[in-house]
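Subject: The structure we talked about

Hello,

Here is the structure I promised to pass on to you. Have a look at it first, and then read on for what turned up in it.

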Amino acid sequence: MKTQTANNYTHHLLFLFFFLFQVAVTSVVTAIGVNYGTVANNLPPPAQVANWLKTQTTIESVKIFDMNQDIIRAFANTGISLTVTVPNGDIPMLTNVRNARRWVSSNIASVYPGTKIKYILMGSEVLHWGTKEQIDSLVPAMRSLQAALVKDGFNTIKVTTAHSLGMLEISVPPSKGQFWSFYAQPVLSPMLKFLREAKSPFMFNPYPYFGYYQNNSDYVLFRPNKGVYDKYTKITYHNMFEALIDATYSAMKSLGYGDVDIVLGETGWPSVGDPGMNWCTVDNARQYNGNVRKVVDSGAGTPLLPKRKFETYIFSLFNENLKPGSEAERNFGLFRPDFSSVYDIGITRSGSQPVPTPAASGGKKWCVTKQEAISDAALTSNINYACNQGVDCSVIRSGGACYNPNNLKSHASYVMNAYYQTHGRNNFNCDFAGTGRIVTSDPSKCILSLYFYSVMAHASTDPENEDQMKI
């Protein structure tokens, strides 16, 4: 009897162990986030992006490069944490606490905690791109903004800033990493002191891509290689990504702030480049970003910072067709604007792409603006988006067939429906950041005529649609 009881007890313990193990495995949180850049004229509406990230990917943290309120509001109630960025030009003004409190009231109070803002970045790569006034104001502005957040009860939002690794004078060997002296004491030492006090992370952007040359390609892309030996620590590094992290940590430690947490604000690789840039390929981009994800999510850390899972933001979510510079600058995206993968690094759910669900066929449907009040800015944004996606918007201009009634809501309904009818007639084609709705009754003559146009176009190439021509 005792033996049977003992066996049952052991069986239950084993069952409990495997159950808890399975729960732990399935609830692992990735440390990988993405940078959501918007230097493009063909990107989907922010609400569609936020919903897609939530439902179709494992991404739980997103970083943006401005204070775009449409994007910030789109992430409300998604559970995705958001890092936002103060424009570099606003930094001097925020050294004043009163201005900082006004800024918090205008930009944060109305959206938090609905939108889960995690970090506010005081500018982007200010030491690299900023003016002398912006650089001199950087730390005082960070202190003022953090004080304003605390004063207004937003204690969990942390202020930091993102750095280019141009701040490093020495990065090889990693154990001797040093900041440039003209940044170290005047700016970085007081900044690290503030970050320690505020329990905020030091954020920097390691880009092995910019250190690539033909002879070190394996080292940069995580391929098997003989490594780079650090004679001072007797450590051999087999990838530049970890070496750059350790070099920056060594520089922080040399100033006495090795205990400040680290976040990797940007890293990535382009999939296309200009002629002759043969290192900018889909295979290289997949290999680099895929290995970054594996290294980071493994929790192994680096040789100098073992057993650490660094919060890391891949650059970038989408290809951005208006970025200046080489073709590479426009092709850092993991995804195209239609949400299809440029390549797969394992961040889509079930490893597959979302499959659009077509709207039911056979019924008359139109996309129009919602009945409730919608801002002129949102309506204008919808019009600009649809017109940039190939919709013929000449009919809503003066003299056009659908110019009257001459108001933004009517014009927006026309172009939103034009986009909906010509881009698949899926329910999500009428989302427009939550401002569109699908109707089944005739909303207007202009929109009705476009519906007929769409049906006729489909019927002309598909005999099965013949009945739809008899509406």
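**Cavities and the pocket**

Helix H9 (240-254) and helix H10 (282-298) each supply at least two residues of the lining of the largest cavity. Please keep in mind as you read that this is a predicted model. H9 gives the largest share of that lining, three residues. The full lining of the largest cavity is made up of Phe 241, Glu 242, Ile 245, Val 295, Val 296, Gly 301, Thr 302, Arg 308 and Phe 310. Sorted by class, these are five nonpolar, two polar and two charged residues, and the space they enclose comes to about 50 Å³.

One of these lining residues, Val 296, sits in helix H10. Val 296 counts as buried because its relative accessibility is 2%, under the 20% cut-off. Its C-alpha atom is 6.0 Å from that of Phe 310, although the two are 14 residues apart along the chain. Phe 310 is also in the lining of the largest cavity.

How many cavities of 30 Å³ or more are there? The count is two. The second largest has a volume of about 30 Å³, and its lining consists of Leu 334, Phe 335, Ser 341, Tyr 343, Asp 344, Ile 345, Ile 347 and Thr 348. Here the classes are five nonpolar, two polar and one charged.

The largest pocket holds about 1000 Å³ of space. It is lined by 39 residues, and those closest to its centre are Glu 125, Ser 164, Tyr 207, Phe 210 and Glu 266. Strand E3 (81-86), helix H5 (126-129) and H9 each bring at least two residues to this lining, with the largest share, three residues, coming from H9. So H9 is a helix to look for twice: it gives the largest share of the lining in the largest cavity and in the largest pocket. By class, the pocket lining has 22 nonpolar, eleven polar and six charged residues.

**Two helices to look at**

Helix H12 covers residues 408-422, and its 15 residues should span 21 Å at 1.5 Å a residue; the end C-alpha atoms are 21 Å apart, which agrees. Eleven of those 15 residues are buried, so H12 is largely enclosed by the rest of the structure. Among the buried ones are His 411, Tyr 414, Met 416, Asn 417 and Gln 421. At the start of H12, a side-chain oxygen of Asn 407 comes to within 3.2 Å of the backbone nitrogen of Lys 409. Just after the helix, Gly 424 has a positive phi of about 110°.

Helix H7 (residues 181-198) has 18 residues and reaches 24 Å from first C-alpha to last, close to the 26 Å expected. Where does H7 bend? The bend is at Leu 188 and amounts to about 45°, with a proline, Pro 190, following within four residues. Leu 188 is one of the buried residues of H7, which also include Tyr 183, Val 187, Met 191 and Phe 194.

The loop between H7 and strand E8 (202-205) contains Ser 200. With a relative accessibility of 3%, Ser 200 counts as buried, and its side chain reaches the backbone oxygen of Val 159 at 3.2 Å.

**Backbone details in the loops**

Most residues other than glycine have a negative phi, and most peptide bonds are trans. A few places here are worth a visit with that in mind.

A cis peptide bond joins Tyr 112 and Pro 113, with omega about 10°; Pro 113 is in the loop between helix H4 (97-107) and strand E4 (116-124). Another cis peptide bond links Phe 315 and Ser 316, with omega about 15°.

Ser 316 belongs to the loop between E12 and E13. Phe 339 lies in the loop between E12 and E13 too; its phi is positive, near 75°, and it is buried, with a relative accessible area of 10%. Pro 324 is found between strand E12 (311-314) and strand E13 (366-369) as well. At 63% relative accessibility, Pro 324 counts as exposed. Its C-alpha atom is 9.1 Å from that of Val 39, 285 residues away along the chain.

Lys 234, in the loop between strand E9 (228-230) and strand E10 (235-237), also has a positive phi, near 60°. Lys 234 is exposed, with a relative accessible area of 63%.

Enjoy exploring it!

Conventions: Residues are numbered from 1 along each chain as its sequence is written. This is a predicted model: local features need pLDDT of at least 70, side-chain atom pairs count only at pLDDT 80 or more; totals for chains, interfaces and linings use all residues. Side-chain values use heavy atoms; hydrogens and water are left out. The expected span of a helix is 1.5 Å times one less than its number of residues. Buried means under 20% relative accessible area, exposed over 50%, partly exposed in between (1.4 Å probe, protein chains only). A polar contact is a pair of N or O atoms within 3.5 Å; within protein, one must be able to donate a hydrogen and the other to accept it, and residues adjacent in sequence count only if both atoms are side-chain atoms. On a 1 Å grid over the protein atoms alone, a cavity is a set of points where a 1.4 Å probe fits but cannot get out, and a pocket is an open set with protein on both sides within 12 Å along at least five of seven lines; lining residues have an atom within 4 Å of a point. Grid points are joined across faces, edges and corners, and a volume is the space filled by probe spheres set on the points. Ala, Val, Leu, Ile, Met, Phe, Trp, Tyr, Cys and Pro count as nonpolar, Asp, Glu, Lys and Arg as charged, and the others, Gly among them, as polar. The bend at a residue is the angle between axes fitted to the seven residues ending there and the seven starting there.
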